[in-house]
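Please load the model in your viewer and keep the selection panel open. The stops below go from the whole chain to its domains, its two ligands, and then some individual helices and loops.

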Amino acid sequence: MHGLTEDQARLLGRAREVAQEAAAQAATTDRTEQYPWPMVRRMQEAGLMGLTIPRDQGGPGLSYFDAVLVIEELSAACSVCGRIAVESNMGALGAVMAYGTPEQRRIAAGLVLAGDKPAICITEPEAGSAATEMTTRAVRRGDEWVVDGVKHWITGGGVSRLHLIFARAFEDGRDLGIGGFLVVREGERDPPGLVIHRRIPSMGLKGMPEAEIRFEGLVVPDAMVLRPPGGFARGFGRLMDAYNGQRVGAATVALGIAAGAYGHALDYAQRRRQFGRPIAEFQGLGWMLADMSIKLEAARALVWRAARSAGPAGFPDRLAAAQAKVLAADTAIEVTNAALQIWGAAGYSRENPLERMVRDARMFAIAGGTAQVLRTQVAEQILGRKLPQTRDGFLRLEAARLAAD
Ligand SMILES: CC(C)(COP(=O)(O)OP(=O)(O)OC[C@H]1O[C@@H](n2cnc3c(N)ncnc32)[C@H](O)[C@@H]1OP(=O)(O)O)[C@@H](O)C(=O)NCCC(=O)NCCSC(=O)CCS(=O)O
Ligand SMILES: Cc1cc2nc3c(=O)[nH]c(=O)nc-3n(C[C@H](O)[C@H](O)[C@H](O)COP(=O)(O)OP(=O)(O)OC[C@H]3O[C@@H](n4cnc5c(N)ncnc54)[C@H](O)[C@@H]3O)c2cc1C
């Protein structure tokens with residue numbers, strides 16, 4: 001690939017070796033719905049977990065862009081492995097590395113380098129896209145906080161050790177805003193008050209558990225509160241700054257799945273013969289392959305641009321991350337479906353990878369901000385104005401403007 005440094009080309013080579021092993025077990029992971037621990041160990045041995053962890057915390061201190069190269073490669077082979085690479089490089093980890101105390105950073109880095117994929121707990125049954133309407137509460141009690149609430153669709157629930165829990169913080173009855181609370185599960189034992197209530201059956205990415213997690217009087221020491229600059233009052237926004245990294249990661253998994261499916265389609269179209277000639281010679285399929293390649297290159301360009309928008313200690317740009325995720329998610333759905341079509345009945349068979357890739361691709365227009373919500377975020381950024389989504393949102397904005405005049 002052009003534009004890569006020698007180090008990046010070497011890193012990509014390492015990722016390709018692991019991806020070959022990942023490809024060999026992807027169908028089993030899908031069928032058994034088991035978290036692929038052997039692949040986690042393989043990724044860990046190859047140094048692909050915690051690529052973005054700074055050197056002062058024992059990591060290689062690589063960039064989001066470096067991580068994106070690895071994530072695409074793994075995702076083309078095994079989407080679950082790709083998602084593990086996302087959360088072991090971005091999201092909760094990025095937030096802790098940027099905002100954490102030295103002790104919090106030490107704990108997070110140690111866990112990830114030892115093979116943990118942290119979990120990020122934002123979504124609630126009644127607060128999905130409207131994440132700021134979350135009702136999980138953290139109430140201050142001296143030197144600790146008591147957390148109560150329910151989160152669902154938490155990726156890695158039941159296997160992850162480090163949890164970053166978004167909750168509304170209260171002190172002396174006052175609502176301080178939304179903050180991050182760090183909790184570590186020790187092996188298979190859950191801390192008292194953290195209940196992995198149930199695994200949610202999903203359409204794709206079946207080797208990755210999605211869980212409903214309940215917090216029932218979960219005690220978090222004040223030392224495990226993640227405090228971004230601006231404190232709780234600005235907490236949600238600053239945590240979302242970090243989350244833009246994970247949006248780029250999710251976009252990359254979508255891109256990787258699409259690239260993998262495209263590779264299968266290109267290969268099959270040249271191998272499969274009908275009417276005495278390779279099916280690739282039929283113009284209908286040639287144009288499908290052409291469109292797939294164009295969409296892939298466009299999605300890759302946006303993903304790379306978003307990954308590269310991150311400064312040395314910063315996160316990817318919010319607009320670039322949203323644009324990349326919207327395009328990559330749509331591309332993954334379109335390209336995997338087209339690839340399945342090119343394979344005909346063989347594509348529809350569970351004996352081949354494409355039906356799995358179609359299922360795996362579907363989540364990215366939903367998770368991490370839906371295709372609709374992210375389009376609104378893009379519109380807000382290009383228009384340079386807030387577009388409130390609640391019924392009284394514009395009235396409130398106007399009232400605030402009048403009060404400021
Ligand atoms: C942001 C939303 C939840 C909309 O809610 P609101 O309208 O109440 O919020 P806003 O006023 O727009 O924002 C509040 C605050 O946050 C800042 N903000 C919001 N988004 C970002 C961002 N991407 N980057 C930086 N800052 C951001 C905003 O500027 C405000 O800051 P100030 O208070 O002004 O300082 C909604 O639009 C939304 O994003 N919903 C999607 C929720 C989501 O993405 N959930 C992901 C859950 S984790 C997951 O799904 C993992 C899946 S995976 O594939 O890994
Ligand atoms: C596989 C998977 C993994 C996930 N992992 C995590 C995780 O690790 N941690 C976590 O916290 N969450 C996770 N989520 C949850 C995910 O972030 C939410 O599903 C997502 O934010 C949308 O919320 P919702 O599903 O409640 O949909 P809703 O918000 O109920 O939306 C339903 C529909 O309404 C549309 N809609 C809603 N509001 C608007 C609007 N203002 N304008 C236009 N359309 C709108 C949506 O686009 C969607 O089509 C995961 C979800 C999935 C599927």
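Begin with the whole chain selected, and bear in mind throughout that this is a predicted model. Of the 405 residues of the chain, 49% count as buried, and the C-alpha trace spans about 80 × 50 × 40 Å along its principal axes. A compact globule with 405 residues would have a radius of gyration near 22 Å, and because the chain has 22 Å, the two agree. Switching to a cartoon shows 13 helices and ten strands. If you draw the contacts between residues at least 6 apart in sequence, 73% of them join residues at least 24 apart.

**Domains**

Next, colour the chain by its domain assignment, which gives domain 1 (6-113), domain 2 (119-230) and domain 3 (236-383). Select domain 1 together with domain 3, whose C-alpha centres lie 20 Å apart. Where they meet, 24 residues of domain 1 are in contact with 27 residues of domain 3. On the domain 1 side, the elements that give two or more residues are helix H1 (6-32), helix H3 (64-77), helix H4 (79-87) and helix H5 (92-99), and H3 gives the most, with ten residues. Colouring this side of domain 1 by residue class shows 13 nonpolar, seven polar and four charged residues.

**Ligand 1**

Now centre the view on ligand 1 and display the 24 residues around it, of which Thr132, Gly237, Met240, Ala250 and Gly369 come nearest. Helix H7 (235-271) and helix H12 are the elements that give two or more residues to this shell, with the largest share, seven residues, coming from H7. The shell around ligand 1 draws at least three residues from each of domain 2 and domain 3, and its make-up by class is ten nonpolar, eleven polar and three charged residues.

**Ligand 2**

Move to ligand 2, which is surrounded by 21 residues, the closest being Ile122, Gly128, Ser129, Thr155 and Thr370. Two or more residues of this shell are given by each of strand S1 (119-121), strand S3 (144-155) and helix H12 (371-383). Which domains each contribute at least three residues to the shell around ligand 2? They are domain 2 (119-230) and domain 3 (236-383). By class, the shell around ligand 2 holds nine nonpolar, eleven polar and one charged residues.

**Helices H9 and H11**

Select helix H9, residues 318-343, and place a distance label between its end C-alpha atoms, which are 37 Å apart; at 1.5 Å a residue its 26 residues should span 38 Å, so the distance agrees with the expectation. Is H9 enclosed or open to the outside? Because 20 of its 26 residues are buried, H9 is largely enclosed by the rest of the structure. Step one residue past the end of H9 to glycine 344, which has a positive phi, near 60 degrees.

From there, go on to helix H11 (residues 354-361), which is mostly covered, with six of its eight residues buried. Show side chains for the buried ones, namely Leu354, Arg356, Met357, Val358, Asp360 and Ala361. If you then add H1, H4, H7, H9 and helix H10 (345-348) to the selection, you will have included elements that cover these buried residues of H11.

**Two loops with positive phi**

The last stops concern backbone torsions, and as background, most residues other than glycine have a negative phi. Select aspartate 172, which has a positive phi of about 50 degrees although it is not a glycine. Aspartate 172 sits in the loop between strand S4 (162-171) and strand S5 (174-184). Is aspartate 172 buried or exposed? With 7 other C-beta atoms within 10 Å, aspartate 172 is exposed, since a residue counts as exposed at 12 or fewer.

Finish at phenylalanine 275, where phi is again positive in a residue other than glycine, with a value near 55 degrees. This phenylalanine 275 belongs to the loop between strand S9 (273-274) and strand S10 (277-278). Its surroundings hold 8 other C-beta atoms within 10 Å, and phenylalanine 275 is therefore classed as exposed.

Technical notes: Residues are numbered from 1 along each chain as its sequence is written. Chains are lettered from A and ligands numbered from 1 in the order in which they are written. This is a predicted model: local features need pLDDT of at least 70, side-chain atom pairs count only at pLDDT 80 or more; totals for chains, interfaces and linings use all residues. Helices (H or I, at least four residues) and strands (E, at least two) are DSSP runs, numbered from the N terminus. The radius of gyration is taken over C-alpha atoms; the globule rule is 2.2 Å times the number of residues to the power 0.38. Two residues are in contact if their C-beta atoms, placed from the backbone, lie within 7 Å. A residue is near a molecule or strand if its C-beta atom, placed from the backbone, lies within 6 Å of it. Ala, Val, Leu, Ile, Met, Phe, Trp, Tyr, Cys and Pro count as nonpolar, Asp, Glu, Lys and Arg as charged, and the others, Gly among them, as polar. Domain bounds come from an automatic or database domain assignment. The expected span of a helix is 1.5 Å times one less than its number of residues.
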